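Me: Please take a close look at one strand, starting with how enclosed it is. Then work outwards to whatever else deserves attention.

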Amino acid sequence: MRAIFRRLGRLKIPQKLGRMRSWLLPVFFLVALLVIVSQTIPLYTDWLWFDSVGFSSIFLTILLTQILLGLIFGGICFTTLYLNLSLVHRSPATDVLVELEDHLGLPSRFVLEPYIKRFLLPVALVLSLLAAVQAAAEWELALRFLYPTPFQIQDPLLHKDLSFFIFRFPFLNFLYLWGMIILVVSNLLVALAYILYRGIQITRQGLRFSFWARTHILVLISAILFLKAWGYHLSTYDLLYSPRGVVFGASYTDLFATLPALRILTVLVFICGLLCLAQIWRQRLTLLFGGLVTLAAVAVIGQMIYPNILQRVRVIPNELDLESPYIIYNIRFTRAAYGLDRIEEVEFPAEENLRMADIRKNELTVNNIRLWDPRPLLATFAQLQEIRTYYKFVDVDVDRYRLNGRYEQVMLSPRELSYDHLPSRVWINEHLTFTHGYGVVLGPVNRVTPEGLPVLYLKNIPPVSDGTLSINRPEIYYGELGNEYVFVKTKSKELDYPAGDKNVYTTYQGRGGVPVTPLRKALFAARFGTIRILFSHDIVPGSRVMLYRQISERVRKVAPFLRYEPDPYLVIGQDGRLFWIIDAYTVSDKYPYSEPFGGAENYIRNSVKVMVDAYHGSMSFYISDPSDPLIQTYARIFPTLFQPLEAMPPDLRVHIRYPEGLLAIQARMYATYHMRDPQVFYNKEDVWNIPPRTGRRDVPMEPYYIIMKLPEEKTEEFILLIPFTPARKDNMSAWMAARSDPPHYGKLIVYNMPKQKLVFGPRQIEARLNQDAFISQQLSLWGQRGSHVIHGPLLVIPIETSLLYVQPLYLAAEEQSLPELKRVIVAYGNQISMEETLDQALTKVFAKTVGISPPASAAPPTASIPSSIRGLIVKALEHFQKGQQLLRQGNLAGYAEEQKRLEETLKVLQTKTGGNP
């Protein structure tokens with residue numbers, strides 16, 4: 001190192017710096033100009049977009065907050081750095097140490113001083129710019145800090161309203177970390193500058209400081225120590241998120257070891273800061289050194305050694321007794337953070353007295369049992385309804401409609417344009433001609449054609465309806481797929497839809513997009529990096545450019561502070577227009593004592609429903625949970641963004657549903673946090689699991705929608721349901737229902753199974769299905785014919801006070817996947833049936849139960865049949881039943897023999913009845 005500095009000292013620095021200055025400044029200004037332009041064009045075009053969608057106030061609020069934060073924090077950083085470096089530069093020349101030995105071999109101060117002075121301002125500006133950018137990125141923390149909403153709940157240890165932890169504490173943490181970085185960087189730069197100015201000299205005896213340098217550095221170190229004292233104070237709040245104990249949150253050790261240590265450290269580090277200032281007038285470092293050693297010793301002992309000793313010696317041997325209060329806190333706050341404290345618990349008897357009369361009584365539930373699973377149905381739609389290679393179905397959504405007076409569950413999938421599959425991906429095709437998807441496919445969840453394909457109420461291009469629903473505006477300009485931008489209302493016609501060998505073209509008639517002018521045309525050409533926009537004769541004044549067409553990206557652009565459900569769903573309005581509905585969440589990772597989900601957030605509410613017009617692209621944000629303090633804060637920050645849910649059009653409001661993602665999180669948490677007794681919770685005596693998906697042991701079952709009548713209710717409603725099983729066991733322990741229909745939207749009910757009774761769970765039913773010889777034989781035969789069997793989800797269907805299990809089976813060819821619904825399995829109690837239709841399977845299952853007999857007033861159906869004919873009928877039935885039994889046992893030879901005897905008996909019967917059936 002010494003040799004390097006000496007070699008630098010021999011360089012002709014003035015000449016070098018002079019030559020550098022001649023080209024460095026122009027390059028610097030050119031780079032700065034390019035950076036400014038590259039940031040200004042996207043910013044201005046974004047402003048145009050925000051203005052076009054009616055949310056310019058949101059853009060201005062965020063932008064002005066970022067600018068203000070950048071100016072404040074950048075100004076503080078610049079003032080701190082420039083002032084400190086200027087003090088170094090202004091240090092008296094008489095204060096420079098007498099150089100006894102040029103240990104580093106640097107040029108003298110008088111040589112370096114003119115050139116260092118030139119770098120003071122640029123260095124301070126660059127570092128301040130970085131600090132400003134970092135501060136501007138925290139605009140959300142700053143706004144939440146300024147607009148807190150009380151939770152009216154206090155934490156149990158420090159007795160602060162939870163709003164402090166959610167809204168204020170994160171920004172205070174940022175201030176502390178940002179301030180510490182600025183002070184440490186300032187100290188390092190000041191020390192380096194003093195070395196160059198000879199205020200600090202490195203000799204064989206060590207470091208030697210001038211009085212000016214010594215005073216300056218000690219003041220900066222004292223500032224760091226004072227700030228660290230505040231940091232230790234903030235660390236006391238961090239204890240409420242401690243993972244040390246048996247549960248998340250402050251534990252016994254945190255409260256009785258770490259908390260006192262932090263308070264002692266706060267005082268000690270403040271005293272060390274005062275000692276640092278006192279050291280200015282003392283030559284010997286004994287006092288300061290002793291304070292710092294004490295501080296380090298207390299930090300190590302109080303934060304590491306003593307807590308570990310206390311945890312091992314006192315807490316672990318008496319863990320349940322000492323940790324019980326903190327387990328109670330964790331249970332209470334976790335249940336509140338995830339909305340589990342709102343769950344109503346009901347006992348469900350799980351009786352096995354269901355009869356065919358009960359099935360008929362619950363006809364609406366049975367008729368809406370979902371036989372089509374979204375995964376195979378998506379493949380079927382792709383084969384039957386994509387029409388052209390550039391159309392794609394992204395997913396299948398489940399919803400409900402009133403069709404011809406019937407409350408019916410349907411499956412719907414929009415036909416979107418996939419730019420990855422265009423026949424020719426030239427610029428004109430991607431951005432002028434192919435601009436939108438077209439139409440939807442919609443059908444009931446349980447109806448099947450004779451070929452095993454879905455019945456469709458809406459299909460084809462242009463949309464063809466069976467009369468139940470109609471679409472008047474089938475174009476989808478905004479969807480789950482989309483490229484970066486398209487131009488509409490241009491001289492180039494847009495492809496509307498293919499019609500045989502010809503295509504039908506159209507011109508956009510909506511309000512979506514940013515109007516184009518000659519200047520904006522040039523700006524968008526610069527933004528997207530292509531001169532084709534600038535020189536295109538098709539793009540004329542009056543044209544519009546559509547940005548952020550992917551709806552998830554679109555809503556995030558407007559409200560980036562919300563979290564969004566990854567699966568939006570499409571609904572059809574009464575006027576035949578298409579709208580997307582997206583569930584949005586408010587989340588936080590600072591809810592005290594609440595167990596984090598997936599190692600991240602530990603508070604969540606579905607507080608917003610977002611509606612996006614698929615044609616115009618307009619967006620509306622509706623507050624669905626006005627009791628949430630976070631959404632109240634955001635509504636105060638952005639007063640023009642949100643509307644009450646009642647403002648949503650009634651024909652669309654009936655389609656809001658409880659989100660699958662939220663219920664999946666709540667179910668995972670409730671599987672543990674349904675236990676409220678601290679001892680039961682500590683021993684994990686009653687932990688539940690979510691049963692695995694059919695055929696996937698490592699993937700939990702997903703919640704599924706169903707139209708059903710809840711116990712004690714009089715009418716059917718749209719329910720999101722998920723079952724529970726005990727940990728390490730497969731029997732059913734409970735099922736959770738989330739209600740989606742008004743006036744009960746958002747209510748959660750958990751139906752608990754009797755603990756003294758075995759109720760089959762999904763895995764046990766699945767095992768019984770696999771063990772059934774008849775079912776196994778059929779599946780094996782199908783698998784040997786060049787096809788593969790697709791197992792649909794095993795659905796738990798509560799009917800009255802009983803549980804019915806239904807599983808569809810699909811058959812698809814190995815080469816070209818067109819899944820067809822081939823069989824439906826129904827299981828109830830000890831009865832299992834696999835038939836071609838759900839009705840047949842239900843009839844067969846409940847024909848074996850007690851209580852299905854003709855009415856007493858009806859004459860026996862065989863009363864007028866001769867005894868000889870009756871005997872042949874009984875004989876034929878015996879052969880059929882025996883054959884079915886042999887088939888289930890895998891005895892194909894015996895089955896063939898019984899089928900032969902059955903055929904002979906039927907021929908005799910046909911002869912005796914004169915050939916009539």
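Reply: Start with strand S34, residues 831–835. 4 of its 5 residues are buried (under 20% relative accessible area with a 1.4 Å probe, protein chains only; over 50% is exposed, in between partly exposed). The strand is therefore largely enclosed by the rest of the structure. Strands here are DSSP E runs of at least two residues, and helices are H or I runs of at least four, numbered from the N terminus.

This is a predicted model: local features need pLDDT of at least 70, side-chain atom pairs count only at pLDDT 80 or more, and totals for chains, interfaces and linings use all residues. Residues are numbered from 1 along each chain as its sequence is written, and side-chain values use heavy atoms, without hydrogens or water.

The partner of S34 is strand S33, residues 820–828. The two run antiparallel, joined by 5 bridges (pairing takes at least two by DSSP). Ala-827 stands opposite Ile-832 of S34. S33 and S34 make a hairpin with 2 residues between them. Gly-829 sits in that turn, with a positive phi of about 60°.

Positive phi also turns up outside glycine. Asn-404 has phi near 55°. Its place is the loop between strand S5 (397–403) and strand S6 (406–417). At 58% relative accessibility, Asn-404 is exposed. Tyr-593 has phi near 65°. This residue lies in the loop between strand S19 (578–588) and strand S20 (603–613). Tyr-593 is buried, at 0% relative accessible area. Most residues other than glycine have a negative phi, and most peptide bonds are trans.

Next, the cis bonds. From Ile-461 to Pro-462 the peptide bond is cis, omega near -10°. Pro-462 belongs to the loop between strand S9 (458–459) and strand S10 (464–465). From Pro-742 to Pro-743 the bond is also cis, with omega near 5°. Pro-743 is in the loop between strand S28 (734–739) and strand S29 (748–752).

Now the interior. The largest nonpolar core (buried Ala, Val, Leu, Ile, Met, Phe, Trp, Tyr and Cys joined through side-chain atoms within 4.5 Å) has 253 residues. Ile-572, Phe-621, Leu-641, Phe-642 and Trp-735 touch the most other members. Helix H6 (residues 162–196) supplies the largest share, 14 residues. Beyond four places in sequence, Ile-572 is in contact (heavy atoms within 4.5 Å) with residues including Tyr-401, Val-440, Leu-469, Arg-577 and His-655. A second, separate core has 11 residues, among them Leu-85, Ile-200, Ile-217 and Leu-220.

The structure holds 0 disulfides (cysteine sulfur pairs within 2.5 Å). For Cys-272, the closest cysteine sulfur is in Cys-276, 8.8 Å away, too far for a bond. Cys-272 is buried, at 2% relative accessible area. Cys-276 is buried too, at 1%.

One open sheet has 3 strands in the order S12-S16-S15, with antiparallel pairing. S12 (485–488) and S15 (514–515) stand at the edges, each with a single partner, so one side of each has no neighbour in the sheet. S12 is joined to S16 (residues 544–547) by 4 bridges. Val-486 stands opposite Met-546 in S16.

Finally, confidence. Mean pLDDT (the predictor's confidence per residue, from 0 to 100) is 87, and 89% of residues reach 70 or more. Over residues 4–14 pLDDT stays under 50, with 13 contacts beyond four places in sequence. Over residues 850–864 pLDDT also stays under 50, with 6 such contacts.
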